[in-house]
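Please work through the exercises below with the sequence and the model side by side, attempting each task before reading its solution.

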Number of protein chains: 2
Amino acid sequence: MKRVAVTGGAGFIGSNLARRIVSLGMEVVVVDDFRTGRRSFVADLLNNSLFELVEGDVLDEGLLESAFAGCDWVFHLQANADVRHGLDNPTRDLEQNTIATSRVLEAMRAVGATNILFSSTGSVYGEPEVFPTPEDAPFPLQTSLYGASKLAGEGLISAYANGFGFTGVICRFVSILGEHYTHGHVFDFYRALKNEPSRLTVLGDGKQEKSYLYVQDCVSAMLTAADHHEGSPGAFPYNLGTEETIVVDDSVAVITKHMGLVPEIHHTGGQRGWTGDSPLIRLDITRIRGLGWAPSMTIEQAVERTLEWFDANPDVFEQQAHADEGAR
Amino acid sequence: MKRVAVTGGAGFIGSNLARRIVSLGMEVVVVDDFRTGRRSFVADLLNNSLFELVEGDVLDEGLLESAFAGCDWVFHLQANADVRHGLDNPTRDLEQNTIATSRVLEAMRAVGATNILFSSTGSVYGEPEVFPTPEDAPFPLQTSLYGASKLAGEGLISAYANGFGFTGVICRFVSILGEHYTHGHVFDFYRALKNEPSRLTVLGDGKQEKSYLYVQDCVSAMLTAADHHEGSPGAFPYNLGTEETIVVDDSVAVITKHMGLVPEIHHTGGQRGWTGDSPLIRLDITRIRGLGWAPSMTIEQAVERTLEWFDANPDVFEQQAHADEGAR
């Protein structure tokens with residue numbers, strides 16, 4: 001691995017990955033349209049000679065071709081990651097996740113790049129019956145448009161692996177936490193409590209079990225899997241998470257304790273926070289551990305680390321309020 | 001079931017389904033763009049008061065909405081079914097199968113139709129490790145763009161079932177044979193032998209095991225599953241096939257015997273006829289049998305029936321030659 005393209009490279013996970021690649025002395029080409037990615041997340045990299053920014057849409061195949069030329073890897077992280085509101089705009093996941101992945105693959109084919117790592121999701125398991133859920137769990141039924149769109153992306157990558165000799169590393173993430181995290185439970189709770197410290201609404205019954213992974217551990221796992229498979233044709237799915245889970249109400253407790261608050265908690269009720277929410281996510285990570293990778297911290301530590309980052313970066317909440325408005 | 005829309009209703013399976021629906025006294029609305037569907041396959045239905053033809057592209061959502069209005073079921077059979085040449089045009093399956101399925105679902109949502117039956121494929125199992133392969137086989141890796149595009153369609157339907165209360169009956173077909181069959185092994189061999197009776201080229205080593213189902217049995221199975229699930233929200237996958245398989249060389253023997261020929265057989269070699277071809281397809285059909293359905297004939301009988309239909313309809317080969325040219 002010498003020169004790596006990262007789509008969504010100014011986003012949460014992408015910007016951490018880009019920074020790591022540069023810190024390892026390799027070149028990185030970030031492709032981002034700054035729709036959800038942020039300039040501030042890559043601002044310190046702009047003057048680094050190992051860093052290149054290509055600003056534009058991943059649906060633009062010509063742009064992708066110029067970005068991917070000379071890259072030995074493409075880490076395709078760009079996505080619509082708004083799992084919860086998929087039903088409000090049912091074709092958005094198709095366009096930004098499935099069709100975008102097709103464009104990425106076609107651009108790679110055009111310039112002769114054949115190694116791709118794809119940010120998929122534990123949501124592709126729908127509501128699994130096997131826990132912890134292994135990569136070869138029983139053929140799942142999709143419960144969200146987000147999961148369906150990522151499954152479609154996985155399928156495309158596997159077909160390119162088989163048909164064109166691509167190497168496809170498919171990473172099925174649990175929820176990720178850490179620096180640059182601006183989207184999800186922990187973010188929503190912290191923001192809500194900043195606005196209204198005495199009261200917090202929790203979607204569902206608060207008993208949903210979630211699994212989280214610290215973003216730096218996630219970056220290490222991706223690089224480990226990519227190094228392992230580089231140049232070997234085939235599709236290689238990996239669950240990326242920890243063995244742990246945390247109940248939503250317990251995440252809330254960590255957050256309120258950190259903030260020194262004792263709010264009244266209101267549960268909206270029901271097993272699922274929203275349609276397509278999974279009441280339990282716990283992935284089997286035996287396969288990625290088999291490559292020598294291990295998570296460096298517990299979920300609670302990852303939540304704490306994230307809260308510390310929020311404390312130090314209060315402006316992310318204002319920026320996100322603008323972004324949310326723009327997206328609706 | 002009273003009024004049914006059939007996309008691809010002038011195609012091989014669709015035209016047989018449309019005819020059956022009419023013969024059962026129900027109304028059918030056929031949507032077809034006649035790219036691969038044929039006017040001759042529905043010509044005798046045109047004056048039937050139960051039959052309506054809507055000519056146009058399934059990517060045209062407005063057209064779909066007008067076709068689906070008042071229908072209690074949509075049988076979405078339209079597809080690019082050219083599994084073998086997927087790699088020549090890698091975005092065709094995405095457009096004609098995945099994106100088209102999204103358009104169908106959105107059009108249904110717009111007019112309040114919520115029952116969909118989808119023609120998926122045993123190819124979604126890739127190269128399975130479990131035989132016969134059940135619907136909940138281990139999470140597969142896709143080996144063809146066709147399979148990947150159908151898997152994506154399945155995922156969309158499941159997500160609509162979970163998110164919008166749709167009923168989604170997902171039929172994973174083996175290869176289908178019978179009246180109006182114009183595409184696949186048996187067709188190719190018959191045509192090749194008509195042109196050159198003394199010599200036949202067989203892709204692969206001829207030992208690939210294939211499973212076939214007679215089209216009238218396929219139609220009965222689809223209607224059985226649809227009747228069973230009508231109005232029950234959820235996604236319900238069914239394998240449609242027989243317990244049998246037939247080795248490619250044995251299909252060739254049935255064909256040559258029927259035609260009274262003793263050609264020299266040339267095998268191109270290798271376990272797979274083409275990239276993404278599956279050396280063995282045998283689906284577990286316990287689930288569809290559990291609804292009371294059973295196939296009415298053996299694979300050999302289905303091949304014979306198909307050959308008799310070829311003998312009686314020599315013009316299909318001329319028409320297909322034109323269609324093939326148009327498609328390249």
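The exercises that follow go from the pair of chains to the sheet, the domains and a single lysine.

The model is predicted, with local features requiring pLDDT of at least 70 and side-chain atom pairs counting only at pLDDT 80 or more, while totals for chains, interfaces and linings use all residues. Residues are numbered from 1 along each chain as its sequence is written, and chains are lettered from A and ligands numbered from 1 in the order in which they are written.

**Exercise 1. The two chains**

Determine which rotation and which shift superpose chain B on chain A, and describe the contact between the chains.

Step 1. Superposing the copies by least squares on the C-alpha atoms of residues with pLDDT of at least 70 in both, one finds that a rotation of 180° with 0.0 Å of shift along its axis brings chain B onto chain A, with an RMSD of 0.0 Å. This is the relation of a two-fold axis. The same surface serves both copies, since 100% of the contact residues of chain B recur in chain A.

Step 2. Taking two residues to be in contact if their C-beta atoms, placed from the backbone, lie within 7 Å, the contact draws 31 residues from chain B and 31 residues from chain A. On the side of chain B that touches chain A, the elements giving two or more residues are α4 (92-111) and α5 of chain B, and the largest share, 11 residues, comes from α5(B). Helices (H or I, at least four residues) and strands (E, at least two) are here DSSP runs, numbered from the N terminus.

Step 3. The residues of that side of chain B divide into 15 nonpolar, 13 polar and three charged, where Ala, Val, Leu, Ile, Met, Phe, Trp, Tyr, Cys and Pro count as nonpolar, Asp, Glu, Lys and Arg as charged, and the others, Gly among them, as polar.

**Exercise 2. The sheet and its helices**

Establish the order of the seven strands in the open sheet of chain A, and find which strands stand at its edges.

Step 1. With two strands pairing if DSSP finds at least two bridges between them, the order in chain A is β3-β2-β1-β4-β5-β6-β11, and the pairing is parallel. The edge strands are β3 (51-55) and β11 (234-240) of chain A, each of which pairs on one side only. Neighbouring strands of this sheet are turned by 20° against each other on average, direction ignored; axes are lines fitted to C-alpha atoms, for helices over the stretch in contact, and angles run from 0 to 180 degrees between N-to-C directions.

Step 2. Five bridges join β1(A) to β2(A), which run parallel, and A:Arg3 stands opposite A:Glu27 in β2(A). Seven bridges join β6 (residues 167-173) of chain A to β11(A), again parallel, and there A:Cys171 has A:Tyr238 of β11(A) as its bridge partner.

Step 3. Five of the six residues of β2(A) are buried, so this strand is largely enclosed by the rest of the structure; a residue is buried if 20 or more other C-beta atoms lie within 10 Å of its own, exposed if 12 or fewer, and partly exposed in between, with C-beta atoms placed from the backbone.

Step 4. Helix α1 (residues 12-23) of chain A lies across β1 (3-7), β2 (27-32), β3, β4 (73-76) and β5 (115-121) of chain A, running at about 160° to β2(A). Helix α7 (residues 215-229) of chain A lies across β4, β5, β6 and β11 of chain A, at about 155° to β6(A).

**Exercise 3. The domains of chain A**

Describe how domain 1 and domain 2 of chain A are bounded and how they touch.

Step 1. An automatic or database domain assignment supplies the bounds, giving domain 1 (3-177 + 213-240) and domain 2 (185-210 + 244-280 + 296-319) in chain A. Their centres, taken over C-alpha atoms, are separated by 26 Å.

Step 2. In chain A, 14 residues of domain 1 are in contact with 14 residues of domain 2. The side of domain 1 that touches domain 2 in chain A divides into five nonpolar, five polar and four charged residues.

**Exercise 4. One lysine**

Decide whether A:Lys150 counts as buried or exposed, and list what A:Lys150 touches.

Step 1. A:Lys150 has its place in helix α5 (residues 145-164) of chain A. Because A:Lys150 has 30 C-beta neighbours inside 10 Å, this residue counts as buried.

Step 2. Not counting residues up to four places away in sequence, A:Lys150 touches A:Asn97, A:Ser120, A:Thr121, A:Ser123 and A:Val124.
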